Amino acid sequence: MELAARMNQLKKESAFVVLAKAQEMERQGRDIIHLEIGDTDFDTPRHIVEEAYAQLRAGQTHYVASAGLPELRGACAEFLRRDGRGEYRSEEIVVGPGGKSLLFCAIMAVADPGAEVVYPDPGFGVYESVIRFSGAHPVPIPVLEANDFKITAQDLRDRVNERTRLLVVNYPHNPTGGTLELEDLEQIAHVAIEHDLIVLSDEVYASMLFEGTHTSLATLPGMRERTITLESLSKTYAMTGWRLGFTASPAAIAGELTQLLSNSVSCVPPFIQMAGVRALLGSQEESREMMAAFKQRRDLFVAGLNEIPGISCLTPRGAFYAFPNVAALPMTANEFSDYLLEVGGVATLPGSAFGTHSDDHIRMCFAHSTGKLEAALDRISSAVDHVAG
Ligand SMILES: Cc1ncc(COP(=O)(O)O)c(C=O)c1O
């Protein structure tokens, strides 16, 4: 019996691997603080949950059009318009079960076997995995601490050639918390236009920018027609388990993404879509409060990390991850991340889970209560004392 060779191209997402291991340790009675996965302890705001109940009772339980309900596609366009992130018609919006599914569809729709795709390294592990799965060649572009965790236009130029089809950008950035300013985006746009690239702009953390303003790449001259903007309700509304995301792109690309969804998941459940309408168009107060709380949690956690000898952490400007450098410890980051879980009871991810340019770092999600973060800092500090011994 033989299975498809292409399956060897897919990589396991490390966050879920470590989560499974940490949960197994908990089943055996260990007390673990979970900083490995990008999720928060906030519950989905009540009015969104109530809307889902009401829609279930109203019978929103059947198949619907693959690209999404008109109400939700309109609400997504309004969400982007409201934040100055472009004017889109409903036909240009596609709704999928989480941003991740649309990321998969976008790469599969654009990257031919043999083509090249440039993507951030370190970066969300799914990029490289799906690029390989599509048969295209992954070309990593470094996101370095020395450059404030930004990609540079020169690094991009050095990696683009006539085979390059797609550029993936992600800002605010997972795992580093870096972001791109208008002038960085202008330079990236220049290269994309010059080389006629399609750009997948993963902006799922756009609402989680702690300083400055987020500019969507698609709003720059010449970019709308070549950009697929990826958004998700997961992080902005604490809806990770609902699985709801969307893209904004030219209608021709939207049509192809819809084909892929229609051939795989058919549609997102309509009661979930209608709850999404409520999230996007209803009160934004709770979402804003959560984002403000993340900023306070960031400040507490990063200050605490920087007090631990051997650990240094740049302040992340967006997203809910700290990405400290642990090169000064007498262990590799991989070993320290293992040690923190096995001995310290804190689950984290080593930078190597995100690519080849972050071997000295570990990622920790700080979207947790201050009590939990303080307990995590105590455990990390004791672990460092032990290893530095
Ligand atoms: C950079 C990035 N893009 C996309 C996603 C996908 O999120 P979701 O599928 O929950 O919408 C994530 C999730 O962690 C992410 O970090």
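Q: Which residue in β5 does Val-117 stand opposite?
A: In this predicted model, strand β3 covers residues 116-121 and pairs with β5 in the parallel sense over three bridges. Val-117 is thus a residue to look for in β3. The residue of β5 that stands opposite Val-117 is Leu-166.

Q: Which residue of β6 is the bridge partner of Val-168?
A: Strand β5 spans residues 164-170, and β5 also pairs with strand β6 (residues 198-202). This pairing is parallel and runs over five bridges. Within β6, the bridge partner of Val-168 is Leu-200.

Q: How many residues of strand β5 are buried?
A: A residue counts as buried if 20 or more other C-beta atoms lie within 10 Å of its own. By this criterion β5 is mostly covered. The number of its residues that are buried is seven of seven.

Q: Which helix gives the largest share of the largest nonpolar core?
A: The largest nonpolar core has 120 residues, and those with the most contacts inside it are Cys-76, Ala-106, Ile-107, Val-117 and Leu-166. The largest share amounts to eight residues, and the helix that supplies them covers residues 99-110. That helix is α4.

Q: From which domains does this core draw at least three residues each?
A: The domain assignment divides the protein chain into domain 1 (5-44 + 286-388) and domain 2 (60-281). The core draws at least three residues from each of domain 1 and domain 2.

Q: Which residues does Cys-76 touch, not counting residues up to four places away in sequence?
A: Cys-76 is among the residues with the most contacts inside the largest nonpolar core. Leaving out residues up to four places away in sequence, Cys-76 touches Ile-93, Val-95, Phe-246 and Leu-280.

Q: Of the residues around the ligand, which come nearest?
A: The shell around the ligand divides into three nonpolar, nine polar and two charged residues. Its largest share, three residues, comes from α4. Of the 14 residues around the ligand, those that come nearest are Gly-98, Gly-99, Lys-100, Ser-232 and Ser-234.

Q: Which element gives the most to the side of domain 1 that touches domain 2?
A: The C-alpha centres of domain 1 and domain 2 lie 25 Å apart, and 36 residues of domain 1 are in contact with 34 residues of domain 2. On the side of domain 1, the elements that give two or more residues are α11 (285-306) and β9 (321-322). With six residues, the element that gives the most is α11.

Q: How do the residues of the side of domain 1 that touches domain 2 divide?
A: This side consists of the 36 residues of domain 1 in contact with domain 2. They divide into 14 nonpolar, 13 polar and nine charged.

Q: Why is one side of β9 and of β11 left without a neighbour in the sheet?
A: The open sheet of three strands follows the order β9-β12-β11, with antiparallel pairing. β9 and β11 (349-350) stand at its edges, so one side of each has no neighbour in the sheet. The reason is that each has a single partner strand.

Q: Which residue in β12 is the bridge partner of Tyr-321?
A: β9 pairs with strand β12 (residues 362-365) in the antiparallel sense, over two bridges. In β12, the bridge partner of Tyr-321 is Cys-365.

Q: What does Glu-256 count as: buried, partly exposed or exposed?
A: Glu-256 is found in helix α9 (residues 251-262). Its C-beta neighbours inside 10 Å number 15, and therefore Glu-256 counts as partly exposed.

Note on methods:
Residues are numbered from 1 along each chain as its sequence is written. This is a predicted model: local features need pLDDT of at least 70, side-chain atom pairs count only at pLDDT 80 or more; totals for chains, interfaces and linings use all residues. A nonpolar core is a set of buried Ala, Val, Leu, Ile, Met, Phe, Trp, Tyr and Cys residues joined through C-beta atoms within 7 Å. A residue is buried if 20 or more other C-beta atoms lie within 10 Å of its own, exposed if 12 or fewer, and partly exposed in between; C-beta atoms are placed from the backbone. Helices (H or I, at least four residues) and strands (E, at least two) are DSSP runs, numbered from the N terminus. Domain bounds come from an automatic or database domain assignment. Two residues are in contact if their C-beta atoms, placed from the backbone, lie within 7 Å. A residue is near a molecule or strand if its C-beta atom, placed from the backbone, lies within 6 Å of it. Ala, Val, Leu, Ile, Met, Phe, Trp, Tyr, Cys and Pro count as nonpolar, Asp, Glu, Lys and Arg as charged, and the others, Gly among them, as polar. Two strands pair if DSSP finds at least two bridges between them.
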